[in-house]
Amino acid sequence: MDSKAVVVSGQLNADLDAQVTQAKFMGDGQTVFAKELNRALQGITRFNVDAGATGDLSSPELSFGSDLDKQINSAISKRVRAKQDEFEQKLQSRLNAQLQEYAGDYAEELQQLARMEGSLDDKLSALKDLASSELEDFKAQQEREAKEKLDAEKAAAEQKARDEAEARKKELRDQAKDKLKNLF
């Protein structure tokens, strides 16, 4: 324990810090909660306590605190997790026993299927990824082929327009020559 108290002009200012070590909690709980709380408390062997007094010496204000509540909370959480794990293990054992009972002659095949399930999920996922990739490649190929076809059609249309324009020019030249011949 470490404490300090000062009185100045009738005003008290006191602090007390204590560390409890080798603590042992005992109790006789009758309910499930009380028994579990006792088990949780048995894991706590040390905690801190702090107290203070301030104000008028004849009627000071007292304060009291401890980290015991945090430790109890942590200990109870651990007990709850342990009980949950224990319950899940018992439930899994019962389910496995019932599965064995219902499976009968097919128990070994069912176990093999259960082991293969993860592998099948992995393979199915890989196949989905491959199919998605192939679909993207196919889509890109179709887009490329459509663009090439469009470019070819555009080039052919431009060439046809140039050819028609050239033919029209030639026709107009020929007509102009014929008219000029007729004039002379």
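Which residue stands opposite Phe 64 in S4? I began my notebook with that one, and I found Ala 51 there. A reminder to myself before going on: this is a predicted model.

**Overall layout**

I went through the elements next. I found three helices and four strands in the protein. Read from the N terminus on, they come in the order β-β-α-β-β-α-α.

Then I looked up the overall dimensions. The C-alpha trace spans about 145 × 80 × 25 Å along its principal axes. I also looked up the radius of gyration, which is 46 Å, while a compact globule of 184 residues would have one near 16 Å. So this protein is no compact globule by that rule, since the rule is 2.2 Å times the number of residues to the power 0.38.

On burial, I noted that 10% of the 184 residues count as buried. The exposed area comes to about 15,800 Å², and carbon and sulfur atoms supply 54% of it. I looked at contacts too: of those between residues at least 6 apart in sequence, 49% join residues at least 24 apart.

**Strands**

Back to the strands, with S3 as my starting point. S3 covers residues 47–56 and pairs with S2, residues 11–20, in the antiparallel sense over ten bridges. I picked out one pair here: Ala 14 has Ala 53 in S3 as its bridge partner.

S3 also pairs with S4, residues 61–66; the two run antiparallel and six bridges join them. The link between S3 and S4 is a hairpin of four residues. My opening pair, Ala 51 and Phe 64, belongs to this part of my notes.

**Lys 4**

I moved on to strand S1, residues 2–8, where Lys 4 has its place. Is Lys 4 buried or exposed? I put it down as exposed, because its relative accessible area is 54% and the cut-off for exposed is over 50%.

Which residues does Lys 4 touch, leaving out those up to four places away in sequence? I listed Asn 13, Ala 14 and Asp 15. I met Ala 14 earlier as the bridge partner of Ala 53. I also checked Lys 4 against Gly 52: they are 48 residues apart in sequence, and their C-alpha atoms are 9.4 Å apart in space.

**A nonpolar patch**

Last, I looked at the surface. Phe 87, Leu 91 and Leu 95 make a nonpolar patch of about 300 Å². Leu 95 lies in helix H2, residues 68–103. I noted Leu 95 as partly exposed, because its relative accessible area of 45% falls between the 20% and 50% cut-offs.

Technical notes. Residues numbered from 1 in each chain as written. Predicted model: local features only at pLDDT ≥ 70, side-chain atom pairs only at ≥ 80, totals over all residues. Heavy atoms only, no water. Pairing = 2+ DSSP bridges. Patch = residues over 30% accessible without salt bridge, like charges linked within 9 Å, V, L, I, M, F, W, Y side chains within 5 Å. Areas by Shrake-Rupley, 256 points an atom, 1.4 Å probe, with all protein chains shown as cover. Salt bridge = Lys/Arg side-chain N within 4 Å of Asp/Glu carboxyl O. Buried < 20%, exposed > 50% of the residue type's maximum accessible area, 1.4 Å probe, protein only. Contact = heavy atoms within 4.5 Å.
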